[in-house]
Each structure stands twice: as C-alpha cells, then as structure tokens.
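Colleague: I would like to learn how to read a fold feature by feature. Could we go through one together?

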Amino acid sequence: MTEFKMYQTLVFKIYASIDGGLIRIRTTGLAAPVLNRFLDNMLGIFDGNIPVRITDETLYFSTWMPPIPSLAYDRLVRSQVKNIIASTLWKLGIPASTNPEQVTISITEECPNRCIHCALPDTRHKTSLSVPVIKDIIDQSVDMGATQIIFDGGEPMVYEGLEELVAHVPDGAISTVFTSGSGLTREKAQALYDAGLHAVNVSLDSPREGEHDRIRGREGVFCEAMTGIAHCVDAGLLVDMYVVAAPHNVYELDGFYDLAVSAGVHELSFYEIVPTGRWIDREKDILSPEHHQLLDEFVECTHCGPVRVFSIPHVMKTTGCFAGRRWLHVTPQGNVLPCACIPIPYGNIHGEPLKDIWRRIQKTGIYRSSGCLMRDDAFRAGHIRTGD
C-alpha cells in the first residue's frame, strides 16, 4: 500500500494511505501521543474522507489544496505550523503575525451576469487590473507565504491574458479560477490546463436550470456552466462545483450532489451566503440553525460517496474564520480587503507593498473570529455602511 508523507520531524511523522477509496491517517514518533490530541480535529478533516484524485505518486486531497507531495504542499505545511503557533499565542494574549495562505485577486469587474448575491461592489466603471500589476501581486503574495492564488471577478474568462497569469504562478503555489462558466470554451479549458491551472471552481446556485438562471440574472448561464464543466473534465483539470448555500437553495442539497455526480466533477463545495455586496442589506436572509443542521447531515451522509463534499461552514466550526488571518483579497481597483466578503479596504496595492497592508490588517486584532464577521451584528454596526 502506497503511503504519502504529509509531515515529518525527528519526533513526529504523519502519513496518508488509501484504504477502500478512503484516506487513512497514520502517525508515528515519540511526540505522537501528545500531538495527536492537539491535532485531532485537523487530522480528522483528512481521515476517512475520499480524495479528489490519486495517482501512483501523488495524492490530490482537494481542489482547494496543493497535491501531496509538492513544493506548494511543503510550503503550506510550514505556513500552517507558523499560523497554529501564532493563533495559540493570540489566545494567550500575545500578538503574533500569520501568513496569508490564500490570496484571491478579482482581476476584472467585467461580467455578463448579474447575480443577486454578488459580493463585488458595482462601480459601473468595468475596472480591471493590468497583467503586470497582477503578476506583481502574485509575486508579493507568494513571497509572503501564500500557497493558493485564486483568480475571480467579475467573470475571469473574459479577461485577456488569464492563461499568462496562471502560468506566472510559481511551483510554490497552486492557481485556481472561479467562474460562472461563461466563456469557458473547450479551447479555453485546454489552454488553462496547459498553463498549469490546478483547478477550476464553477458556481452553481441551483441544480434546476430556470432557478439558476434567475439567480444569475441571465438566461442560458446554467447551460454555459454545465458545458464549461464538461470541457474542463475533458481537458484533465480538477473541477469543483461551488455552491453558495442560502435559504433559497439549502433544501436542494441532494439535487446539487446528483448533478455533481452526473457531471463528473471532483468536488462539491459549499460556502454560506454572506450579507455583503448586493446582499448587504439582507443580514437576516442567511442560514438558520435548522439550515446548518441540514447541511451537516448532508455532509455526514455523503462523505464516502463518489464526489468529495467540502463544506466550508462545517470546517470553520473547527478552524474559525480565516478572513484577515489566512485569507486576503484584492479588488479590481487594487484595494486590499481581509476577504472578498468584508468591504473594508486597508490599503491599495497601487500605493504600497502588500506586506505592509497585511501587517496593518494583523495589527487591528479584529480578525481572530470563530465565525464570519459579516454575520455579526456588532461588527456590522461598528464597521459596515449599508443602504448607500
């Protein structure tokens, strides 16, 4: 049985193997009895779950994570260790800096859709970042420790030069793209694969064509999404079907799963709707405790199925929110936010280095939350302007 080394020191080692299609974690070393208790929740994310892809030499656990082994994965482990230490120090009242592990770059505002929950503010200027500027953001992000560069928009498929940007991401990080599927032709999918894209996240708001098109504000976008998925699967890309779980679609979880299986995607991811962007005044239209229970039960029932299910709300119960702690977002105007959902700029990449802005975010001490701050009434009252 092939074992993949996930972590190794002189006194502690973590290995992953595949048994019956499921990942099994094995730890060894003198420090294992102590560290196993400390890392139990984190290792539980892997143990007993299916990978999205496996070869003789490489384990692809998720579309959201570098393959094992790889330089990007080794860098992620080092970053995780540093960030765990920093988080522990914060709990003890000792300020400590973390690394941004995931940096999202909204490369353009251009988009043919008008989604009712879009997080990107409408400037009506159709702003885009230039290729040289984006390459510089990538370089700065990776230098700071980032191991995942995400390109989104708007609709990134309409951006001239997307393949060039993907190819610019070094081996120390993976690149992914968020898309509605609009413009994701067979040729585009193949070009992105050739450029080295790790995975593509295609957004679905309903497994029903008419409802999805309604939420996206345009007829035909469901067909574009499903066709784009097929092109990406054919090209050999890892494909994630990305769902923003909301009161209007949380009762369709089984339908999403059936659609994911039939489409042949590798992962089905769920995020939780955030009252931001076009949804910013709808702070009560979010998932209720009952909805969360439905999602948790769904994850439990499908964790051994043919498609890996990744529920970000489920994981955040263990990890807390990563906004401004391990996540960072750059808008098409160059503004730097703690994440795409928190519309508070702490600086602009056109005026100062990204690391200086990151330090400014860290010094606030705000971004150590157990949950999404945009769903916190006190945070919204003190920091967020609505109704403009």
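Modeller: We will take the sheet, the helices, the cores and the unusual peptide bonds in turn, keeping in mind that this is a predicted model.

Colleague: How many strands form the open sheet, and in what order?

Modeller: As a general idea, strands of a sheet pair through backbone hydrogen bonds, either parallel or antiparallel. Here nine strands make an open sheet with mixed pairing, and the order is β12-β11-β10-β9-β8-β7-β6-β13-β14. At its edges stand β12 (308–311) and β14 (336–337), each of which pairs on one side only. Within the sheet, β7 and β8 (residues 174–179) run parallel and are joined by four bridges, with Gln148 standing opposite Ile174 in β8.

Colleague: Which helices pack against β12, and at what angles do they run to that strand?

Modeller: Helix α10 (residues 289–302) lies across β11 (267–272) and β12, and runs at about 150° to β12. Helix α11 (residues 312–319) also packs on the sheet, where it touches β11, β12 and β13, and its direction makes about 55° with that of β12.

Colleague: What span should helix α4 have, and what are its surroundings?

Modeller: Because a helix is expected to span 1.5 Å a residue, the 14 residues of α4 (residues 131–144) should span 20 Å, and the end C-alpha atoms, 20 Å apart, agree with this. Its buried residues are Val131, Ile134, Ile137, Ile138, Gln140, Ser141, Val142 and Met144, and among the elements that cover them are α3 (71–91), β6 (102–106), β7 (148–152) and α12 (354–364). Just after the helix, Gly145 takes a positive phi of about 120°.

Colleague: Which residues have the most contacts inside the largest nonpolar core?

Modeller: In soluble globular proteins, nonpolar side chains tend to be buried together. The largest nonpolar core in this model has 95 residues, and those with the most contacts inside it are Ile105, Phe151, Met241, Leu268 and Phe270. Leaving aside neighbours within four places in sequence, the contacts of Leu268 include Met241, Val243, Phe256, Tyr257, Phe298, Val309 and Phe310. A second, separate core has 18 residues, including Ile14, Ala31, Leu59 and Val77.

Colleague: Where are the cis peptide bonds that you would point out?

Modeller: One is the bond from Ile68 to Pro69, with omega near 0°, and Pro69 has its place in the loop between β5 (59–60) and α3. Another joins Gly153 and Gly154, with omega about 15°; Gly154 lies in the loop between β7 and α5.

Technical notes: Residues are numbered from 1 along each chain as its sequence is written. This is a predicted model: local features need pLDDT of at least 70, side-chain atom pairs count only at pLDDT 80 or more; totals for chains, interfaces and linings use all residues. Side-chain values use heavy atoms; hydrogens and water are left out. A nonpolar core is a set of buried Ala, Val, Leu, Ile, Met, Phe, Trp, Tyr and Cys residues joined through side-chain atoms within 4.5 Å. Buried means under 20% relative accessible area, exposed over 50%, partly exposed in between (1.4 Å probe, protein chains only). Contact means heavy atoms within 4.5 Å. Helices (H or I, at least four residues) and strands (E, at least two) are DSSP runs, numbered from the N terminus. The expected span of a helix is 1.5 Å times one less than its number of residues. Two strands pair if DSSP finds at least two bridges between them. Axes are lines fitted to C-alpha atoms, for helices over the stretch in contact, and angles run from 0 to 180 degrees between N-to-C directions.
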